[in-house]
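Reader: Could you walk me through this one? I'd like to start with the charged pairs and then move on to the strands and the pockets.

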Amino acid sequence: IDFSDCKKDESAKRGSLVIPDEEINSLIKLYKNQKASSISISVTTDQIRVNDYELNSSRYIISEEDKKFFEILKSRDSLPLDSLVNFVRSIPIPSIKDNDSSYAGEINEVILSDINQVGEISSTTKKTKVSKEFLSKSNIPFVKKGDLIISIKGSLGKIGTIASDLPNTIPGTSLCILRPREKSVINPEYILQYLRSEIGQKMFFNYGRGDFIAFLSINDLKNLNIPIPSLEEQKIAKKILKKSRDLVDSIQKMQKELDACTNSGWLQVDKKVKDNSS
């Protein structure tokens, strides 16, 4: 039973969950009837086993809109994501201070806010102090141009691509690198467009686990099916990415013009009044 959208008690303090008695009674009645509805479904233990005993209601209760998406996917040939990309996990970085004798410098760390509106990562904002011991590791997951970076913890499914060379840069601990395979039959632009799309994001939501902090299991990600596109569809994916960049550039230009008008607005009014007076 998914009661996430049930009516909440308006008198409850912010951050607390208080469900009115009438809502609780409705849920109890729904449970006793054990009938499928828009917010409930009866499943077998075999179905739960197939889902690795995950009890997230989104795995079992599917809306009519989502059913349409899944029908579209069933009508297409697809490949598991694992056959298209290599998975490179981030590694924890031990905290260290500047005056620590093992201090070796700083490395750049990709965080969610580095992913722009187009889904590209061209720079990073976070620097992390590291030790000589850390830098001596052979498995440091430095990013490469063309990598896809996806969030697997917290804000699930936010994804972007490394758009330029970012030396000495690793993904944050809640992120994972999807590194396109050299002989992949699907280009990374198409994978990015699909995973950023409404249907791709719904797949992440449905695969999400965890009660307090949502996360995506690597195994679920590896088995995520990607519809095989035609060459024409892959070309269109590249065109959509270019159009998205152009739109963002246009929006940023208009935002600068708007800021200029706002910041100097009174000065322009004052200047025009003085000019008219003279």
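Author: Gladly, and let us begin with a pair inside one helix: Lys242 and Asp246 both belong to helix α8, where they sit four residues apart, about one turn of the helix. Please keep in mind throughout that this is a predicted model.

Reader: How far apart are the closest N and O atoms of Lys242 and Asp246?

Author: They are 3.2 Å apart, and Lys242 forms a salt bridge with Asp246. As for its surroundings, Asp246 is partly exposed, with a relative accessible area of 40%.

Reader: And how many salt bridges does the count come to?

Author: The count comes to eight salt bridges. Another one of them joins Arg245 to Glu120, and there the closest N and O atoms are 2.6 Å apart. This pair links distant parts of the chain, since Arg245 is in helix α8 (residues 231-263) while Glu120 is in strand β4, 125 residues apart.

Reader: Is Glu120 buried or exposed?

Author: Glu120 is buried, because its relative accessible area is 11% and the cut-off for buried is under 20%. Its partner Arg245 counts as partly exposed, at 33% relative accessibility.

Reader: Which residue does Glu106 form a salt bridge with?

Author: Glu106 forms a salt bridge with Lys129, and the closest N and O atoms of that pair are 4.0 Å apart.

Reader: Why does that pair tie together parts that are apart in sequence?

Author: Because Glu106 lies in strand β3 (residues 103-110) and Lys129 in strand β5 (residues 126-131), the pair ties together parts that are 23 residues apart in sequence. Glu106 is partly exposed, with a relative accessible area of 37%, and Lys129 is partly exposed as well, with a value of 29%.

Reader: OK, switching to strands. In what order do the five strands of the open sheet come?

Author: The order is β2-β9-β6-β7-β4, the sheet is open, and the pairing is mixed. Its edge strands are β2 and β4 (120-121), each of which pairs on one side only. If you recall the salt bridge to Arg245, Glu120 is in that strand β4.

Reader: Tell me about β9 then. How many of its residues are buried?

Author: Five of the six residues of strand β9 (residues 175-180) are buried, so this strand is mostly covered.

Reader: In which sense do β2 and β9 pair, and over how many bridges?

Author: Strand β2 (residues 85-89) pairs with β9 in the antiparallel sense, over five bridges. Within this pairing, Val88 has Ile177 of β9 as its bridge partner, and Asn86 stands opposite Arg179 in β9.

Reader: What about β6 and β9?

Author: Strand β6 (residues 148-151) also pairs with β9 in the antiparallel sense, in this case over four bridges. Here Leu148 stands opposite Leu178 in β9.

Reader: Quick detour: where is Thr169?

Author: Thr169 is placed in strand β8 (residues 169-171). Thr169 is buried, with a relative accessible area of 1%, and a polar contact of 3.5 Å joins its side chain to that of Asn108.

Reader: Now the pockets. What volume does the largest pocket have, and how many residues line it?

Author: The largest pocket has a volume of about 590 Å³. It is lined by 22 residues, and Asn51, Phe70, Met203, Asn206 and Tyr207 are the ones that lie nearest its centre.

Reader: Which element gives the most to that lining?

Author: That is α3, with five residues. At least two residues of the lining come from each of α3 (64-74), α6 (198-207), α7 (218-222) and β10 (225-227). In terms of residue type, the lining of the largest pocket divides into seven nonpolar, eight polar and seven charged residues.

Reader: And the second largest pocket, which residues lie nearest its centre?

Author: Asp2, Ser4, Asp5, Ser57 and Phe205 lie nearest the centre of the second largest pocket, which is lined by 19 residues and has a volume of about 480 Å³. The most is given by α6, with three residues of the lining, and the lining divides into seven nonpolar, seven polar and five charged residues.

Note on methods. Residues numbered from 1 in each chain as written. Predicted model: local features only at pLDDT ≥ 70, side-chain atom pairs only at ≥ 80, totals over all residues. Heavy atoms only, no water. Buried < 20%, exposed > 50% of the residue type's maximum accessible area, 1.4 Å probe, protein only. Pairing = 2+ DSSP bridges. Salt bridge = Lys/Arg side-chain N within 4 Å of Asp/Glu carboxyl O. 1 Å grid on protein atoms, 1.4 Å probe; cavity = no way out; pocket = protein on both sides within 12 Å on 5 of 7 lines; lining within 4 Å. Points joined across faces, edges and corners; volume = space filled by probe spheres on them. Nonpolar A, V, L, I, M, F, W, Y, C, P; charged D, E, K, R; others polar. Polar contact = N/O pair within 3.5 Å; in protein donor to acceptor, adjacent residues only side chain to side chain.
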